[in-house]
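Here is a brief report on a predicted model. Please look through the sequence and structure below before reading on.

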Amino acid sequence: MTDITSAETAVSITVDGKKVTAKPGELLIDACERNGTYIPRFCHHSRMQPVGMCRMCLVEIDTGRGPALQPSCMIECSNEMVVDTQSKKTIKAQEGVLEFLLINHPLDCPICDKGGECPLQDQTMAFGPGESRFIEEKRTYRKPIPVNENVFLDRERCVLCDRCTRFADQVAGDSLIHFIDRGNKTQVNTYPDQPFSSYFSGNTVQICPVGALTAAPFRFKARPWDLTEVESTSTFDSVGNRISVQESRDRVLRFTGVDSDSVNWGWLTDKERFIFEAYSNENRLSGPLTTNEVAEGSQKHAVATSWSEAYEKFVKAINETTPERIAVIGGSRLTNEAQYIWSKIAKGIIGTDNVDAQLDDGFSPEVLLSLNPSTIDKTCKPGGVIILLGADPKEELGALYLRLRHAILQDQCKLIELTPTKTGLSQLATHSIRVPPGKTLEAVKALSGEPSELEDDILKELTKVQKIIKNNDSISVLLGRTSLAETSSIVEEGAIKLQEYLPKASFLPLLRRGNINGAIDMGLSPGLLPGRCDLEEGSDKLQNYWPTCPTHKGFKTKEMFEAATDGQIDVLILLAADPIMDFPDSQLVQEALDRIETVIAVDIFATDSVLQADIVLAAATATEIEGSFTNLEGRISPIRKSVTPPGTARPDWMIALDLVQYLVPNLGPSTFKELCEEISLVSGIHKDFDFSKVEQIDKEGVVLNRGKNKTQTSLIKIPKQKANSFRLVVTRSMYDKGVLSAHSSALKGLAPGSRIKANPKDMEKLGITSDSTVRLIGLKGEIQTRLTPDPETTRGTIHALWNQDGPDIRKLIDSSLPVNDLKIEKI
Amino acid sequence: MAFFNEENEEIAKEIVGRYPVARSALIPLLHLAQEQEGWITKPAMEQIAELTDTTSVEVLGTGTFYEMFKFHPVGKYLIKVCTNISCQLLGADELFEHVKTALDVEEGSTTEDGLFTFEEAECVAACTEAPCFTVNYRYFHRATPELFDEVVVDLKAGESPLSKGCADDQGVMPKHGTLSRVRQQIPKTRSAGIKHPEEIKGPPSWIEEVV
Ligand code: SF4
Ligand code: FES
Ligand code: FES
């Protein structure tokens with residue numbers, strides 16, 4: 001596509017007698033729209049390449065050779081172009097196109113989900129002939145056929161605009177739906193027995209200009225005119241996609257993507273799109289619970305209680321012990337405001353620094369703060385180089401994956417992958433290099449020209465990469481966890497080294513949990529206070545607002561659990577965290593929970609961890625609260641309330657404000673407004689930001705300037721892999737056993753299940769086939785499983801997916817080790 | 001479950017190798033598949049997808065756009081009778097009915113012995129010689145029911161009816177799907193090479209020759 005941003009000279013065109021300016025290379029249909037003249041269209045979509053499929057946008061265009069009907073979605077503006085969108089000919093053409101489109105289109109609007117928000121309906125009203133001359137019988141097809149688990153296709157209604165198929169092919173890269181047959185019989189369909197299994201299929205429903213594609217969770221649920229919508233931010237992952245939350249009778253019925261230039265371009269993953277079902281699931285926690293006193297000693301048994309009683313119990317548990325014996329885990333699901341107030345409770349009132357929002361699956365905030373910050377736009381800058389140091393964006397941050405894909409395919413970005421496993425982007429990478437697990441730093445060393453212990457063929461590839469890097473001054477690094485079975489330091493060290501070598505490169509950390517970036521900004525991390533400053537630097541500012549402040553850096557999540565197993569933790573507060581499910585070393589968590597006196601959970605579902613809590617505070621979720629969200633770029637955007645929470649469940653910030661009063665009566669803040677003001681007063685990075693006016697921010701959000709610190713990390717030693725051992729690599733996949741997916745009917749069945757993969761050559765050497773059961777033995781435990789041969793798996797490694805049905809790979813992970821090497825035994 | 005037999009698989013790979021982008025070989029491979037089986041089967045589409053780095057539905061979608069690719073079994077001989085206006089005026093309807101009774105098939109289906117598939121055709125661009133029918137796309141002009149019967153007798157007897165056709169062809173009638181009786185060969189010296197379009201900087205090589 002032409003880069004319209006770099007050209008300087010605008011072109012002048014005349015639309016319906018009015019002179020307007022267009023950007024060079026801009027499509028006529030877009031230029032007209034920008035200047036207030038809407039030309040009807042079906043196939044044109046500004047986020048996809050034009051095809052000129054439907055002819056609805058015909059207008060009379062005169063480029064000096066006399067007026068002629070041309071599709072305005074295919075014509076780039078040129079100087080002195082004269083356009084008539086109202087001429088007799090134009091109107092006749094548009095009426096004709098509509099009459100033709102309606103020949104075979106069923107008039108089932110009254111029972112069609114799209115009715116009321118249907119571009120075909122609307123444009124027929126506005127531009128159609130008003131009457132049909134067609135008296136013959138219409139073509140019919142079998143009523144909706146599923147193209148996958150969640151999307152239905154009603155072929156009769158399709159106007160063959162090529163939007164869904166173009167999306168599948170161009171945007172998502174999952175070319176699994178296609179036009180089939182020709183002429184009158186042309187239809188969109190899948191290949192027999194190969195469903196449209198795409199993580200992004202729901203977007204086709206959103207862009208279909210008729211009711212041909214519909215999504216199961218919304219089918220026949222409501223009429224569009226009965227919906228009330230608010231624009232909000234998806235809190236599901238850290239990209240912070242802009243969404244429209246649509247509700248009817250106090251029930252959320254649909255999420256749709258909102259087109260924000262700097263973030264998601266209107267796209268959502270299916271997981272984000274359909275996750276709302278979980279929010280209105282009837283199993284939501286609807287009020288506070290405590291464990292039954294009577295039954296104490298035997299099995300814990302939760303009973304409903306009142307909020308005041310729950311708060312009193314909370315205070316009692318806190319007062320019965322000392323600050324350093326209290327730990328707080330989680331908080332990434334919360335809004336910025338709730339995060340701040342919980343940070344105040346933990347650090348400023350209780351006085352413990354054992355606070356960590358990450359569950360050992362992210363990075364050390366100190367390291368992140370020492371790297372040049374980046375944004376998605378900066379990462380995807382046309383012509384730049386993107387280095388991926390870990391995590392598969394397709395599996396973990398879907399909307400970001402779509403942006404990256406576009407940057408590579410359309411904007412000439414070059415992708416360099418230095419990951420232990422193949423990712424969803426590998427096929428598009430200029431160099432996709434399999435760095436053995438644990439060797440990220442070595443790869444970076446080699447890049448910067450230092451001696452490294454990598455094998456020759458990798459080094460050779462890296463020399464080619466060096467050349468690319470040298471010739472490009474826009475270099476961005478995507479920093480994600482390569483494996484959950486190894487310490488985060490492996491990638492952190494690589495990143496620090498890379499920053500030294502490329503001082504101009506910027507870094508986008510792929511921490512994936514919802515509002516984890518807000519959590520770090522608000523101090524929900526050991527050693528940090530709101531505003532991302534350390535304990536010493538921050539305590540002065542907080543003096544007037546916080547009764548106390550920890551002086552020593554507290555434990556990280558892993559250390560908290562280790563301390564707990566030694567009996568050093570009495571109270572554990574889980575802020576919407578489910579470590580039993582989410583922490584890599586599940587055995588450690590269970591041992592810890594067994595020893596902790598009081599576990600307090602603030603959550604929306606009775607997760608495995610919540611079931612073991614003594615006090616449960618039922619929280620509201622993203623569609624039920626007002627607040628703000630900070631995405632992985634540090635972009636703040638509003639979260640808006642749409643419906644009321646179930647029962648007496650309340651927003652996290654409200655719970656926290658109540659608790660402040662219970663802990664220190666009369667200590668502020670006591671209202672949401674005061675809370676907002678206090679954040680701006682105490683947090684340096686938020687000082688110019690008015691949280692109470694967050695709903696006025698537009699869909700692009702506001703990117704915080706968070707500055708940059710220096711950091712020192714001590715190099716950790718990665719043990720050499722023993723011969724005949726296999727290094728475990730554990731990565732996430734889009735769908736897993738997560739509690740939200742489990743409560744959404746659309747997402748429930750989508751997890752791929754555990755498939756533990758090994759290189760076929762390794763398997764051959766060991767004399768095992770895909771049918772043999774083997775024992776995988778780690779330091780702490782073992783599992784029995786079959787191995788799936790996969791030539792993409794690096795030799796000497798075992799690759800498994802996180803949190804799937806089947807053998808529990810967490811048994812193999814000992815989080816005290818930097819890497820986990822396994823033995824394989826044949827049974 | 002490879003579809004192509006060994007010989008054709010070799011040919012398929014050679015065809016893919018002719019293009020800078022593998023998917024360009026999609027249609028040539030559909031021809032090859034149809035040549036092998038007489039029609040395009042599911043395993044064929046799946047293997048073509050693999051060979052051309054596309055998805056099966058792209059192969060199906062592309063193939064079904066073309067009327068001459070068949071996605072259901074077709075007899076050894078595909079008989080098509082033109083019923084467009086010129087032919088109709090000169091007796092196509094009678095011919096059409098005659099074929100139906102002579103072969104005892106409905107339009108669009110195949111005789112029980114798997115020998116003939118009968119289809120109606122749109123104008124085959126031989127209006128001056130109407131009415132027309134074709135067998136495996138070989139033309140028979142100014143057709144009469146008698147001519148048709150003779151052709152069927154030949155085919156059933158394993159003899160070639162081509163000499164009765166318009167082209168005065170003495171050769172054999174190949175089975176449906178055969179693209180041509182002589183396979184295309186592109187000698188190395190005549191090959192344009194497989195440079196990716198994006199890698200091509202200068203003008204085409206022959207322009208330099210001229211200059
Ligand atoms: S199904 Fe919808 S989006 Fe797809 S081609 Fe038909 S009308 Fe367009
Ligand atoms: S919008 Fe221009 S042809 Fe469809
Ligand atoms: S009408 Fe039959 S060949 Fe033209």
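The domain assignment splits chain A into domain 1 (11–101), domain 2 (289–362 + 515–620 + 647–689), domain 3 (365–509) and domain 4 (726–826). Domain 2 of chain A is thus given as three segments. For chain B, the assignment gives domain 1 (6–71) and domain 2 (77–164).

The table lists the distances between C-alpha centres.

| Domain pair | Centre-to-centre distance |
|---|---|
| domain 2 of chain A and domain 3 of chain A | 34 Å |
| domain 1 of chain B and domain 2 of chain B | 29 Å |

Now the contact between two domains of chain A. Domain 2 of chain A puts seven residues in contact with six residues of domain 3 of chain A. On the domain 2 side, these are three nonpolar, two polar and two charged residues.

Next, one residue: A:Glu442. It sits in helix 14 of chain A, which covers residues 440–447. Is A:Glu442 buried or exposed? A:Glu442 counts as buried because it has 23 C-beta neighbours inside 10 Å, and the cut-off for buried is 20 or more. Leaving out residues up to four places away in sequence, A:Glu442 touches A:Ser452, A:Glu453 and A:Leu454. A:Glu493 lies 51 residues from A:Glu442 in sequence, yet their C-alpha atoms are 9.7 Å apart.

Last, the ligand. Ligand 1 is surrounded by 13 residues. The closest are A:Cys158, A:Cys161, A:Cys164, A:Cys208 and A:Ala212. By class, the shell around ligand 1 holds 11 nonpolar residues, two charged residues and no polar ones.

Notes: Residues numbered from 1 in each chain as written. Chains lettered and ligands numbered in written order. Predicted model: local features only at pLDDT ≥ 70, side-chain atom pairs only at ≥ 80, totals over all residues. Domains from an automatic or database assignment. Nonpolar A, V, L, I, M, F, W, Y, C, P; charged D, E, K, R; others polar. Near = placed C-beta within 6 Å. Helix = DSSP H or I, 4+ residues; strand = E, 2+ residues; numbered from the N terminus. Buried ≥ 20, exposed ≤ 12 C-beta atoms within 10 Å, placed from the backbone.
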